[in-house]
Amino acid sequence: MSENESVAASGRVWDVVVVGGGVAGLSAALTLARVRRSVLVIDAGEPRNAPAAAAHGFLSRDGVAPLELLRLGREEVASYGGHVESGRVAGVRREGAHLVVTTQGGGRAVARRVLVTTGLVDELPDVAGLAERWGRDVLHCPYCHGWEVRDTAVGVLATGPAAFHQALLFRQLSPDVTVFLHTGGDPTDEQWEQLAALGIDVVDGEVRALEVDDRDRLSGVRLASGRSVAVDALVVAPRFEARAGFLAELGLAVTEHPMGMGGQLTADAGGFTGVEGVWAAGNVTDLMAGVPAAAASGTQAAAAINLDLIGADARAAVAARRPGADR
Ligand SMILES: Cc1cc2nc3c(=O)[nH]c(=O)nc-3n(C[C@H](O)[C@H](O)[C@H](O)COP(=O)(O)OP(=O)(O)OC[C@H]3O[C@@H](n4cnc5c(N)ncnc54)[C@H](O)[C@@H]3O)c2cc1C
């Protein structure tokens, strides 16, 4: 069945359905709408950085509230005729030449191509009071929040080898850094030497809970021994798990990140997943991407998808001119 035959049979077929309307998905939708592709973004409205008051490092938008950035993005997409709808995609399956996207609310959209930009879930260490402070004074990224905690007392909660790397990164921002060994194992001899040379304190023992002052600010951590250590911010290393469970029917699943940071979808530089018609961009396929990188990968995937569609459109036009073709 040709793409056009199926379009006629099943009503509206979007050139592209984008699953997830964070910076990756909206950047892709903007690019696609501007080359006159019909594009529908379906978005559950929970970008990963929503707990943070501000997004930093996006040139000319530094410090913008994450949800405000997406509101502006939705407006820009709409101004070129792109559509953004609220909803949570439950599955994607192939039907003939097309992909059918279904939502938890019973919605259905038919697409020639699908772009997955659903981001990831930060799986946080299980310490009492920690999850509530995520994105406020429990942090992970020096480029996102490091400036905001410069020269304060920064704790690093070790749950794996990344902690020692994070300690060095945050030492660039504050002279007062303490590593809590917690469940992270012992530093290597080389790491001990570096921590000591940089004046980074190391505290042995498990952290049981976070302590908060009467202004709802982090004030310290309490160890299993009962000892409290004052900190103004706590750096953690979550496991990053791509939101991709709804792609099972297409045979797409997450694979382990090469450095053990979590699970992500595999895609090539243009975002192609290897499954016909399906692309991915942003954190779902690059766990380490910040806002600018996620936006850029969405734009790149949009261009790759448009190129693919242009090829399909040109082949269909040639086929339609052949003798015997139904005009
Ligand atoms: C606390 C915190 C603060 C951060 N601060 C910064 C910062 O200051 N600067 C910076 O550069 N980076 C920052 N980051 C990283 C930043 O959040 C990511 O780079 C960015 O959100 C990735 O964009 P994305 O579009 O790939 O995913 P997201 O922004 O997470 O967007 C994914 C969207 O898809 C939706 N979705 C998920 N599943 C479905 C589904 N099944 N159906 C429909 N929609 C779905 C989600 O609800 C969400 O709206 C921060 C991260 C965290 C955790």
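**Entry 1: the shell around the ligand**

I looked up which elements build the shell around the ligand, and I found that helix 2 (23-34), strand 2 (39-43), helix 4 (142-145) and helix 7 (291-321) each supply at least two residues. Helices (H or I, at least four residues) and strands (E, at least two) are here DSSP runs, numbered from the N terminus. Helix 7 gives the most, with 3 residues. The model is predicted: local features need pLDDT of at least 70, side-chain atom pairs count only at pLDDT 80 or more, and totals for chains, interfaces and linings use all residues. I note that residues are numbered from 1 along each chain as its sequence is written, and that side-chain values use heavy atoms, with hydrogens and water left out.

I then recorded that 39 residues surround the ligand, where a residue is near if one of its heavy atoms lies within 4 Å. The closest are D43, E46, H56, A289 and V291. By class, I list 17 nonpolar, 16 polar and 6 charged residues in the shell. Here Ala, Val, Leu, Ile, Met, Phe, Trp, Tyr, Cys and Pro count as nonpolar, Asp, Glu, Lys and Arg as charged, and the others, Gly among them, as polar.

The shell draws at least three residues from each of domain 1 (3-122 + 239-321) and domain 2 (125-235); the bounds come from an automatic or database domain assignment.

**Entry 2: atoms of the ligand**

I looked up backbone atoms beside the ligand. A polar backbone atom of V89 is 2.8 Å from a nitrogen atom of the ligand. For A289, a polar backbone atom is 2.8 Å from an oxygen atom of the ligand. A backbone N or O atom of G290 lies 3.4 Å from an oxygen atom of the ligand. The protein covers 97% of the 990 Å² of accessible area that the ligand has on its own (Shrake-Rupley method, 1.4 Å probe).

**Entry 3: helix 2**

Is helix 2 largely enclosed or open? I found 9 of its 12 residues buried, so helix 2 is largely enclosed by the rest of the structure. Buried means under 20% relative accessible area, with a 1.4 Å probe and protein chains only. Among the buried residues are V23, L26 and L32.

**Entry 4: T118**

I located T118 in the loop between strand 6 (108-116) and strand 7 (120-123). T118 counts as buried because its relative accessibility is 14%. Its side chain reaches the backbone oxygen of R243 at 2.6 Å.

**Entry 5: the whole chain**

I noted 7 helices and 19 strands in the chain. Of its 327 residues, 46% count as buried.

How values were computed. Polar contact = N/O pair within 3.5 Å; in protein donor to acceptor, adjacent residues only side chain to side chain. Buried < 20%, exposed > 50% of the residue type's maximum accessible area, 1.4 Å probe, protein only.
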